[in-house]
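Hi everyone, thanks for coming. Let's have a look at the structure together, and please stop me if anything is unclear.

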Amino acid sequence: MLSTLFLLLYATRETVHALTAEISPTVSYLLDKGCANDTEIIDHLLFESALYYNKHKLPSPQVDVRIEMWVQEVSSVSELTQDFEIDLYMNEYWTDPGLAYDILNPCQGNLSFDWAVMQNIWTPNTCFINSKKAQLHSSPFTNVFLMVFPNGSVWSNWRIKSTGPCVMDLTKFPMDSIECSLTFESFNYNKVDEVFMRWGDPPLTIFKPIELPDFTMTNFSTSNKFQLYAAGYWSELNVNFLFRRRSGWYLLQGYIPTYMTVFISWIPFYLGPKAIPARTMIGVNALLALTFQFGNIIRNLPRVSYIKAIDVWMLSGICFVFASLFELATIGFLMRNEGKPATKSTTRITKNSARWQQPSICKDDTQRKSKNILYCERLDNTSRLMFPVVFTFYNFIYWFVYMKQAWDQAP
């Protein structure tokens, strides 16, 4: 009798279910009673079914696992470490005939379990293969939800905090976008022989608009492929998140102060050729202010070897300030002898001839100085016009080029 029962219990699952309905006193009792409550069904699944259920064996020759992702929050996106941190719920759906309990005529449409029960059943052992770090939330307990339906359908829900990689191209910084991704697959089972993974409908749900101090999530996309490994092909599910940088901080801390500094560097054009000390102080202070401001912005960025949009802007601002200093140097060179006493002729002359030539020398020297002052004033007048015109033309080109690239990338 025992040997016969042993052989029957290790037959096919469908046959075992039918035999269990015939030989199990609990099943017979429940069928006579009308419907089974949750406690009776759990006792049946955990104790009676445990005689033949094997959590290490595939529920079917090929298990179809459906994945849905719920995004709760994105807590950070970092340029320095090139990653992002996300809180999400991972939902897995599959069918396990060994957990079917519809023969018990359940009173409820489903059963809910916790983390402890999940460790005693078969699971697809899915994971993020490209994450830098991932952990289950455990406040105040392990945040895992398991629901089993009468026909053996299983729904598992995991609340996870994961850190994934980002692909960054800072060429258009701070008018750039950053793409981050997560790749999900079964760690143990390959596609051809065991587990086939696919996205659900919808594949991804975002609970609320994702906005960070520096970024806004503007788009996401999902894809799936078969990845070849040494042991076979695995089903890989990939999700990409697109984050657009919020450039308000850089406008307030980078662009607007640069405008003001460049405008201040034009003030010496109105001070006159003789105000060399004041003009020098304004120009040098403007140059130092731009240099300090440039270093303050780029110190929080990775040390990339290519030119960024903010680099072009700051360096061009420095060039405009330097050009104003070069104009000042020209004025200073022309006015270097202004205010000095007139030079005397080294030629030996008589007292009578000196009496007649001295006024001529002073007159020539005065005329020379007057021409220098006149030339310096014309140079200042030209600079007052040309510097704003060239700077305006440069601004038109700069913003047209980089804003057009930003618009072309907009989803």
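I'll talk about a helix, then aromatic pairs, then salt bridges, and finish with a contact between strands.

Before anything else, please keep in mind that this is a predicted model.

Let's begin with helix α6, which covers residues 248-264. How far apart should the ends of its 17 residues be, at 1.5 Å a residue? The expected span is 24 Å, and the end C-alpha atoms sit 23 Å apart, so the two values agree. That said, α6 has a bend of about 25 degrees at tyrosine 255. Within four residues after that point comes a proline, proline 257.

Which residues of α6 are buried? They are Tyr250, Gly254, Tyr255, Thr258, Thr261 and Val262. So the residue at the bend, tyrosine 255, is in that buried set, and because its relative accessible area is 1%, it falls under the 20% limit for buried.

Tyrosine 255 also brings us to the aromatic rings. The structure holds 36 aromatic pairs, and I'd like to show you two of them. In general, a pair of aromatic rings is described by the distance of the centres and the angle of the planes.

The pair I'll show to begin with is phenylalanine 145 with tryptophan 155. Their ring centres are 5.3 Å apart, with 75 degrees between the planes, which makes the pair edge-to-face. Phenylalanine 145 comes from strand β6, residues 144-148, while tryptophan 155 comes from strand β7, residues 153-168, and the two are 10 residues apart. Are these two partners buried or exposed, or something in between? Phenylalanine 145 has a relative accessible area of 27% and is partly exposed, whereas tryptophan 155, at 18%, is buried.

Now to the other pair, tyrosine 255 with tryptophan 399. Here the geometry is tilted, with 5.0 Å from centre to centre and 45 degrees between the planes. Since tyrosine 255 is in helix α6 and tryptophan 399 in helix α9, this pair ties together parts that are 144 residues apart in sequence. On the α9 side, tryptophan 399 is partly exposed, at 23% relative accessible area.

Both rings belong to one aromatic cluster, whose members include Tyr255, Tyr259, Phe263, Trp266, Trp313, Phe320 and Trp399.

While we're at helix α9, residues 351-409, note that valine 401 has its place there too. Valine 401 counts as partly exposed, with 35% relative accessibility. Together with Phe393, Phe396, Ile397 and Phe400, Val401 makes up a nonpolar patch on the surface. The accessible area of that patch is about 530 Å².

On to charges. Side chains of opposite charge can pair when their charged atoms come close. How many salt bridges does the structure hold? There are 12, and I've picked three.

In one of them, aspartate 64 meets arginine 198, with the closest N and O atoms 3.0 Å apart. Aspartate 64 is in strand β1, residues 63-78, and arginine 198 in strand β9, residues 195-206, so to speak a link across 134 residues. Both ends are partly exposed: aspartate 64 at 35% relative accessible area, arginine 198 at 32%.

Next, lysine 161 and aspartate 87 are joined by a salt bridge of 3.0 Å, N to O. Because lysine 161 lies in strand β7 and aspartate 87 in strand β2, residues 83-95, the pair ties together parts 74 residues apart in sequence. Aspartate 87 is buried, at 9%.

The third pick is arginine 245 with aspartate 176, where the closest N and O atoms are 2.6 Å apart. Arginine 245 belongs to strand β11, residues 232-245, and aspartate 176 to the loop between β7 and β8, with 69 residues separating them. Arginine 245 is buried at 4% relative accessibility, and aspartate 176 is buried at 1%. Glu79 joins in as well: salt bridges with shared partners connect Glu79, Asp176 and Arg245 into one network.

Last stop: asparagine 219, in strand β10, residues 215-229. Asparagine 219 is partly exposed, at 37% relative accessibility. What separates its C-alpha atom from that of phenylalanine 241, 22 residues apart along the chain? The answer is 6.2 Å.

That's my tour, and I'm happy to take questions.

Technical notes:
Residues are numbered from 1 along each chain as its sequence is written. This is a predicted model: local features need pLDDT of at least 70, side-chain atom pairs count only at pLDDT 80 or more; totals for chains, interfaces and linings use all residues. Side-chain values use heavy atoms; hydrogens and water are left out. The expected span of a helix is 1.5 Å times one less than its number of residues. The bend at a residue is the angle between axes fitted to the seven residues ending there and the seven starting there. Buried means under 20% relative accessible area, exposed over 50%, partly exposed in between (1.4 Å probe, protein chains only). Patches are made of residues with over 30% relative accessible area and no salt bridge: like charges are joined within 9 Å, nonpolar side chains (Val, Leu, Ile, Met, Phe, Trp, Tyr) within 5 Å. Accessible areas come from the Shrake-Rupley method with a 1.4 Å probe; for residues, only the protein chains shown count as cover. A salt bridge is a side-chain nitrogen of Lys or Arg within 4 Å of a carboxyl oxygen of Asp or Glu. Rings of Phe, Tyr and Trp (its six-membered ring) pair if their centres lie within 6.5 Å; planes under 30 degrees apart count as stacked, over 60 as edge-to-face and the rest as tilted.
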